[in-house]
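What follows is a walk through one protein model, starting with its charged pairs and ending with its overall make-up. Please keep the sequence and the coordinates open while reading.

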Amino acid sequence: MSTNSCDDDQSSGIDLAGTNVKENILDDSGTGISSLDPNQYVGLNSLTPEEKILILSRGPFQPQKHELVNLSYPQEHGHRFTAEHYYRVLPDGDRIQRKWLSFSLKLLAIPVLPQIYEHKRKQIAENREIVNTLIEITLFLGKHSLPFRGHRENWEDRLRGNFKDLTVLISKFSPSLAIYVDRLKSRGRSEINFLSWQRQNQLIHSIATCLKTTIQNEIKKSKYFSVSIDTTFDASRREQLAFIIRYVCYNDHVPVPVIRERLLSLKESLSTSGKHLFLIFQDICSENALDWKLFLVGQSYDGASNMKGEYEGLQALIKQENPSAIYTWCYAHRLNLVVVQVCKSSVDAVDTFGILEDLYSFISSSKKRVAFFENHQKKRNPQERVRRLKRVETTRWSSFSNALKTVLITFDDIIQTLENIKKTEKSDFKVRCRANGLVDFLLTERFILTALIFTKIFNILDPITKTFQSPDIDLLGAITSLQVVKKDLKNLRCDDEFNELYNEATNIITKSQYEFKMLATSRSKKKKKMPGENASDETIDDPVKRFKIKTYLCTVA
């Protein structure tokens, strides 16, 4: 195309009403770009086929920006035409020329541009609706800890993974999403795919970035914060480090500040030494723009040596750089250690929880025995939910309490289940022997008394265990709760409490349909006096008094 000025062509004038209009328009001798302006064709009638072929042979009039007089395209109603409108960009990046589109120098209105922008706005609105739906699906799967992908994700597969299946389900109620899914199925890779695994990862990363940004902004307003770090093995046997941050959130919509406790990062730790954990701590703070040397005021970990070590522990390495970061041994961990030691404080306690663990493994190892146990519960209490035995040796802090509580609630069902096992599996001497041993121990006064002791203790300790794990507990509240629990435990160390507990156990045994073995009277062995020894050992012949001294007082002391 020629780059001559448009004004020269316009000054010559093109009189569409004149007699020589048609000849001037169809004359190829014109040198200005205005000679190709499609505006000249307006008002022409009765063109011959040759003339139509001549017009079409010229092609679309698509001048570039530098060919115009003002070196820019005109602007109308807030829209400006650009040379990019001459082409359509495909999803794979290819550009296709819009040969049907021509630019007019004289026609002030640009009717095709609003249509292009309207189509673009409509496409953007549809894409936003689709992406918003996919974001909600991502949040749902993350909230419920569900996997996103499946083994096979083709459209012809019956199960395509949770993400795709939820998308298909929601598309039944979303017309725009349904149209997109149908278009994706028919066009395949030529269509932009919002459901691929790359897009799923982008959604997860974008949501995580948004959450981190929100947390970082709240921390900036709060300034001061504390951290809590713990490590554990995951399902793949890898050591994972959880980094939890705690701060006071000042929300504009809520007049009272709120304590926030957020999981900020989860990192794999190849080593659990204090120095290696300190490096990971520094990396996480650097990634999240946390000025821990200035604004970290507290740190809380468990009692492991790599955490609380005085010289090489994580807390010591942090305090070398920031002495204001006060270390607090996690009260929930300490309380759990106390509970574990209490459960090992006497022979009766060790035997009781050992039997509970053996009972769980014995019944849960067979589907037939589990069915016996569940059927007995349904027959006895059809309206109540069916309970299952709990393990004792788990990392859950309430495992001792839950295991004991379940056994006491379903005590009659357990005895009937064991009796049925003895009858139905009498040919297996190992099974019958274990069932006999479990029944013999459970139907003893020793078990009932021990179980009632720990039931009282767990009723005192369980609420404070949950309190210590709540995100809004503070140090003063933890100390106050401990003082209340300490007072309640001290109240158990008296004869009246033991007598009340013994009477309760007697009532249970009296009302039961089973025959219990009472506390045995054992003969005390006399120790030989050594030369010069004057004191003699006091023998305890009363079995109740012996249980009180060796079990009850050792447990509540």
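Across the whole structure, a search finds 16 salt bridges. The model is a predicted one, and a few of these pairs serve to introduce it.

One of the salt bridges brings together the side chains of R95 and E84, with 3.0 Å from N to O. R95 belongs to strand β4 (residues 95–97), while E84 sits in the loop between β2 (79–80) and β3 (87–89), so the pair ties together parts that are 11 residues apart in sequence. Both partners fall in the middle class of accessibility. R95 is partly exposed, at a relative accessible area of 45%, and E84 is likewise partly exposed, at 49%.

Another salt bridge is formed by R160 and D165, whose closest N and O atoms are 3.4 Å apart. The two partners fall in separate classes of burial. R160, with a relative accessible area of 13%, is buried, because the limit for that class is under 20%. D165 has a relative accessible area of 24% and is therefore partly exposed.

A further pair is R434 and D358, whose side chains meet in a salt bridge at 2.4 Å from N to O. Distant parts of the chain are linked here: R434 is in helix α17 (residues 429–442) and D358 in helix α13 (residues 347–364), 76 residues apart. R434 counts as partly exposed, at 36% relative accessibility; D358 is also partly exposed, with a relative accessible area of 28%. Elsewhere, D348, D351 and R446 are joined into one network by salt bridges that share partners.

What of covalent links between cysteines: how many disulfides does the structure hold? The number is 0. Among the cysteines, C249 is buried, with a relative accessible area of 4%. C343 is buried too, and its relative accessible area is 4%.

Helix α7 allows a check of its geometry. With 26 residues (197–222) and 1.5 Å a residue, α7 should span 38 Å; the C-alpha atoms at its ends are 37 Å apart, which agrees. The expected figure is 1.5 Å times one less than the number of residues, which is why the count of residues is not used directly. The buried residues in α7 are Q200, L203, I207, I215, Q216, E218, I219 and S222. An α-helix has 3.6 residues a turn, so residues three or four places apart point the same way. That spacing can be followed in α7 from Q200 to L203 and on to I207, and again from I215 to I219, each of these residues being buried. After α7 comes K223, whose phi is positive, near 75 degrees.

Positive phi values also occur in two loops. S145 is not a glycine, yet its phi is positive, at about 55 degrees. S145 is placed in the loop between α4 (112–143) and α5 (162–171), and it is exposed, with a relative accessible area of 66%. R237, again a residue other than glycine, has a positive phi near 65 degrees. The loop that holds R237 runs between β5 (225–233) and β6 (239–249). Is R237 buried or exposed? At 60% relative accessibility, R237 counts as exposed, because that class begins over 50%.

On the surface, V248, Y250 and I259 make a nonpolar patch of about 240 Å². I259 lies in strand β7 (residues 258–268). With a relative accessible area of 32%, I259 is partly exposed. A residue needs over 30% relative accessible area to be part of a patch, so I259 passes that limit.

The totals for the protein complete the picture. Its secondary structure comes to 21 helices and 9 strands. Of the 557 residues in the protein, 36% are buried. The protein exposes about 34,700 Å², and carbon and sulfur atoms supply 53% of that area. Taking contacts between residues at least 6 apart in sequence, 62% join residues at least 24 apart.

Conventions:
Residues numbered from 1 in each chain as written. Predicted model: local features only at pLDDT ≥ 70, side-chain atom pairs only at ≥ 80, totals over all residues. Heavy atoms only, no water. Disulfide = S-S within 2.5 Å. Buried < 20%, exposed > 50% of the residue type's maximum accessible area, 1.4 Å probe, protein only. Helix = DSSP H or I, 4+ residues; strand = E, 2+ residues; numbered from the N terminus. Contact = heavy atoms within 4.5 Å. Areas by Shrake-Rupley, 256 points an atom, 1.4 Å probe, with all protein chains shown as cover. Patch = residues over 30% accessible without salt bridge, like charges linked within 9 Å, V, L, I, M, F, W, Y side chains within 5 Å. Salt bridge = Lys/Arg side-chain N within 4 Å of Asp/Glu carboxyl O.
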